[in-house]
Amino acid sequence: MNPKNIALALMGLVLFTSHAQKRIPEVEQLLQKMTLEEKIGQLNLLTPGGGVATGAVVSENVEAKIRAGKVGGLFGVAGPEKVRVAQELAVKKSRLGIPLLIGSDVIHGYRTTYPIPLGLSSSWDMDLVEQAAQMAAKEATADGINWNFSPMVDIARDPRWGRISEGAGEDPYLGSKIAKAMVKGYQGEDLSASHTMLACVKHFALYGAVEAGRDYHSVDMSKIKMFNQYLPPYKAAIDAGAASVMTSFNDVDGVPATGNKWLLTDLLRDRWGFDGFVVSDYTSLNEMIAHGLGDLQAVSVLALKAGLDMDMVGEGFLTSLKKSFEEGKVTEAAITNACRRVLEAKYNTGLFDDPYRYLNTKRPEKDILTDYNRELSRKLASRSFVLLKNYNSVLPLEKKGKIALVGPLADSKENMLGTWAPTGDFRLAVSILEGFKNIAPTTEIAYAKGANISDDADFAKRVNVFGPRISINERSSQDMLQEAVALAKTSDVVVAVVGEATEMSGESSSRTDISIPESQKRLIQALVETGKPVALVLMSGRPLTIAEEYEMPVSILQVWHPGIEAGNAIADVVFGDYNPAGKLTATWPVNVGQIPVYHSAKVTGRPPSESDAFQKFKSNYLDAPNAPLLPFGHGLSYTTFEYSNLKLDKKQVRQGEGITATVTLTNTGDYDGEEVVQMYLRDVVRSITPPKRQLKGFQKIMLRKGERKEVSITLSPDDLKFYNGQLELVSEPGEFEVFVGTNSDAELSKSFTLK
């Protein structure tokens with residue numbers, strides 16, 4: 001054997017020994033007792049139905065399969081009593097009594113829903129993000145659930161893709177911070193505690209980069225772009241200890257993620273050291289047939305060999321792996337390894353010690369929908385709002401006079417929770433009309449619907465799959481419009497609540513036209529023509545194209561879909577009880593033709609002019625500017641902030657050293673307020689083309705009016721690194737520019753050199 005082969009053999013021995021040392025004796029003893037069929041059974045995740053399904057399949061004969069030891073976990077079942085029935089079947093009626101994992105999609109709160117993830121990310125507050133995840137875990141575990149299909153950490157730069165609503169936006173640095181905070185919030189310090197749950201980071205990988213912004217579509221991307229721009233949040237979640245990973249529907253380098261060995265083994269396990277288990281997305285294993293990779297048996301073999309451990313709903317593993325073993329297409333060792341990882345997760349949650357640890361019937365009343373939880377949801381919502389524009393300082397409103405509250409979302413509880421809130425109850429939500437009356441009880445609040453969310457009945461039918469979200473009024477659009485205009489004319493100020501219904505974004509909710517629907521555009525225009533001050537409360541699950549509305553004499557408060565306390569939180573901000581401080585985490589385009597448009601795009605060899613004015617033979621458009629309508633990091637306040645005196649603590653940095661930037665921030669307005677100080681970095685010269693600038697640090701600062709403070713942000717040695725052409729994480733000597741300011745267009749800058 002040559003020296004190279006000897007070295008590889010020794011390396012394999014070391015890796016095997018290291019893994020063996022981590023093995024859990026109780027799990028190993030159980031594996032010795034299990035038949036091949038029972039091992040395969042642990043790889044099967046089913047749903048008995050009754051919840052929100054993301055595909056056409058609902059599992060059959062679930063009870064019989066549990067008794068036969070052919071089920072490793074369930075989702076779509078909740079409540080201590082219901083979960084106990086399932087758990088007792090597994091523990092008392094199956095041969096080996098192996099308990100079940102009980103999963104759920106707890107995307108932005110359980111019963112106490114809070115803002116959609118894109119909204120929550122706009123708070124730029126990692127402590128609040130962690131608290132939100134903690135609350136969700138406490139409520140879900142009180143209802144018998146021990147495994148959460150969250151966080152979704154996909155980087156998304158195409159707002160046509162409906163699932164941009166479920167993530168943290170476009171930036172890998174911010175996305176990584178949020179991924180870490182959510183995993184920590186769900187899992188806590190002890191996975192066996194009855195108030196923590198297994199996190200499942202998804203969708204691995206690159207799902208947010210689907211072509212044309214169309215859900216479940218193909219992805220084609222270079223490895224360099226993957227490693228530098230899309231993979232960091234997944235890795236951050238893994239480094240934070242995420243217990244499980246869910247594969248994505250798309251392909252990666254031409255191979256569907258669910259059967260991609262490079263992705264699930266070479267990268268995830270060997271390079272990143274992940275030692276948890278991998279589950280498919282809903283029937284994504286079976287869907288490899290449609291991708292063109294073979295029949296169910298073939299794709300099941302492919303997935304197992306790639307590193308998939310659990311098959312969600314499709315039952316490809318259950319129905320074909322034994323046959324594949326008998327035909328020599330898979331080894332028992334591969335099946336055992338997958339089973340081991342599922343069993344280890346159950347052991348780590350404490351299910352083997354007490355299968356009923358999450359089934360305390362007193363907990364739901366004590367831990368779910370508490371006053372504390374609703375108050376936290378209200379706080380999370382108000383912190384997520386982004387003041388896009390404040391024309392003539394219309395906001396905040398005074399609690400006096402007559403306010404016309406109009407719009408199809410102003411009194412619409414069914415649209416407050418947001419997409420992917422199957423565990424919430426919209427009937428318990430606070431509408432905006434209710435919130436206004438709660439916060440300003442002595443103020444005259446008059447309401448008119450003014451318009452339907454959309455007048456298109458066919459579109460409404462597609463949106464209303466999970467229940468009525470777009471209701472088309474029996475009255476004519478003209479009658480509703482005239483009523484709203486008449487009300488506006490007799491009022492002191494108009495607040496128009498407009499935007500998207502909840503299911504106009506989210507899974508399987510891609511849109512090619514991401515503007516405000518025409519019915520609402522007519523309403524906004526008519527309200528502006530009254531000459532009254534108008535504030536738009538804009539609700540959506542994605543960035544919208546609002547160039548027309550932005551040019552109007554209106555103020556615009558973006559509130560996303562805020563959750564169960566929507567009305568109270570919106571009223572808190574509109575009436576100035578809280579000064580908004582949210583910042584956009586995804587760029588807002590002028591029109592869909594600019595997409596993808598994002599702050600860390602590269603500079604071309606023919607860059608446009610600094611003024612963004614058209615120049616022939618430069619990288620620009622004939623019919624639109626290059627610049628977006630609203631940049632990443634944008635967000636105003638009722639007060640104003642001034643940045644000055646940017647300094648670096650050194651002009652030269654050696655490899656392995658950090659550098660600190662300090663800026664003076666002054667509250668120059670009339671209100672106390674918070675500001676998110678953002679720091680961006682540009683690597684001026686390097687071996688692969690650099691982005692124009694990248695977010696590398698931020699701090700959220702509270703200042704009283706007139707107060708001034710020096711704010712320091714430190715770049716670590718890792719912040720200067722990138723993945724080069726060989727996918728090595730390196731920093732290269734040369735010049736760097738630091739930019740500090742209120743958004744990604746920050747103008748204050750200083751340079752330093754890395755030696």
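**Charges and rings in a predicted model**

User: This is a predicted model, so let's start with a cation over a ring. Which ring does the charged end of Arg157 sit over?

Analyst: The charged end of Arg157 lies 4.1 Å from the centre of the ring in question. The cut-off for such a contact is 6 Å from the ring centre, so Arg157 qualifies on distance with its 4.1 Å. The ring belongs to Tyr598.

User: And Lys389, how far is its charged end from the centre of the ring of Tyr550?

Analyst: Here a lysine takes the charged role, with its end placed over the ring of Tyr550. The separation from the ring centre is 5.3 Å.

User: On to salt bridges. How many residues apart in sequence are the parts that Arg378 and Asp572 tie together?

Analyst: The two side chains meet in a salt bridge, at 2.8 Å from N to O. Arg378 belongs to helix H17 (residues 371–384) and Asp572 to helix H23 (residues 566–574), so the bridge ties together two parts of the chain. Their separation in sequence is 194 residues.

User: Are those two, Arg378 and Asp572, buried or exposed?

Analyst: The cut-off for buried is under 20% relative accessible area. Arg378 comes in at 17%, and Asp572 at 12%. With both values under that cut-off, each one counts as buried.

User: Where does the partner of Lys583 lie?

Analyst: Lys583 forms a salt bridge with Glu675, with the closest N and O atoms 3.2 Å apart. Lys583 itself is in the loop between H23 and strand S17 (641–648), 92 residues away from its partner. Relative accessibility is 1% for Lys583 and 4% for Glu675, so both are buried. As for the partner's location, Glu675 is in strand S20 (residues 673–683).

User: Is Lys721 buried or partly exposed?

Analyst: Lys721 meets Asp718 in a salt bridge, 3.2 Å from N to O. Buried would need under 20% relative accessible area and exposed over 50%. Lys721 has 30%, so it is partly exposed.

User: How many salt bridges does the count come to?

Analyst: The pairs discussed above include Arg378 with Asp572 and Lys583 with Glu675. The count for the model comes to 38 salt bridges.

User: Now the rings. What kind of aromatic pair do Trp124 and Phe632 form?

Analyst: Their ring centres are 5.6 Å apart, with 55° between the planes. Trp124 is in the loop between helix H6 (117–121) and helix H7 (126–142), while Phe632 is in the loop between H23 and S17, 508 residues apart. Both residues are buried. An angle from 30 to 60 degrees puts a pair in neither the stacked nor the edge-to-face class, so at 55° this one is tilted.

User: What about Phe204 and Trp272: which elements do they tie together?

Analyst: This pair is also tilted, because its planes stand at 55°, with the centres 5.8 Å apart. Phe204 is buried at 2% relative accessible area, and Trp272 is buried at 10%. The parts they tie together are 68 residues apart in sequence: strand S5 (residues 198–204) and the loop between helix H11 (261–271) and strand S9 (277–279).

User: Last one, a helix. What is the phi of Gly350, which follows H15?

Analyst: H15 covers residues 332–348 and reaches 24 Å from first C-alpha to last, close to the 24 Å expected. Its buried residues include Ile335, Val342 and Leu343. Gly350 comes after the helix, and its phi is positive, near 85°.

Definitions and conventions: Residues are numbered from 1 along each chain as its sequence is written. This is a predicted model: local features need pLDDT of at least 70, side-chain atom pairs count only at pLDDT 80 or more; totals for chains, interfaces and linings use all residues. Side-chain values use heavy atoms; hydrogens and water are left out. Helices (H or I, at least four residues) and strands (E, at least two) are DSSP runs, numbered from the N terminus. The expected span of a helix is 1.5 Å times one less than its number of residues. Buried means under 20% relative accessible area, exposed over 50%, partly exposed in between (1.4 Å probe, protein chains only). A salt bridge is a side-chain nitrogen of Lys or Arg within 4 Å of a carboxyl oxygen of Asp or Glu. Rings of Phe, Tyr and Trp (its six-membered ring) pair if their centres lie within 6.5 Å; planes under 30 degrees apart count as stacked, over 60 as edge-to-face and the rest as tilted. A charge sits over a ring if NZ of Lys or CZ of Arg is within 6 Å of the ring centre and within 35 degrees of the ring normal.
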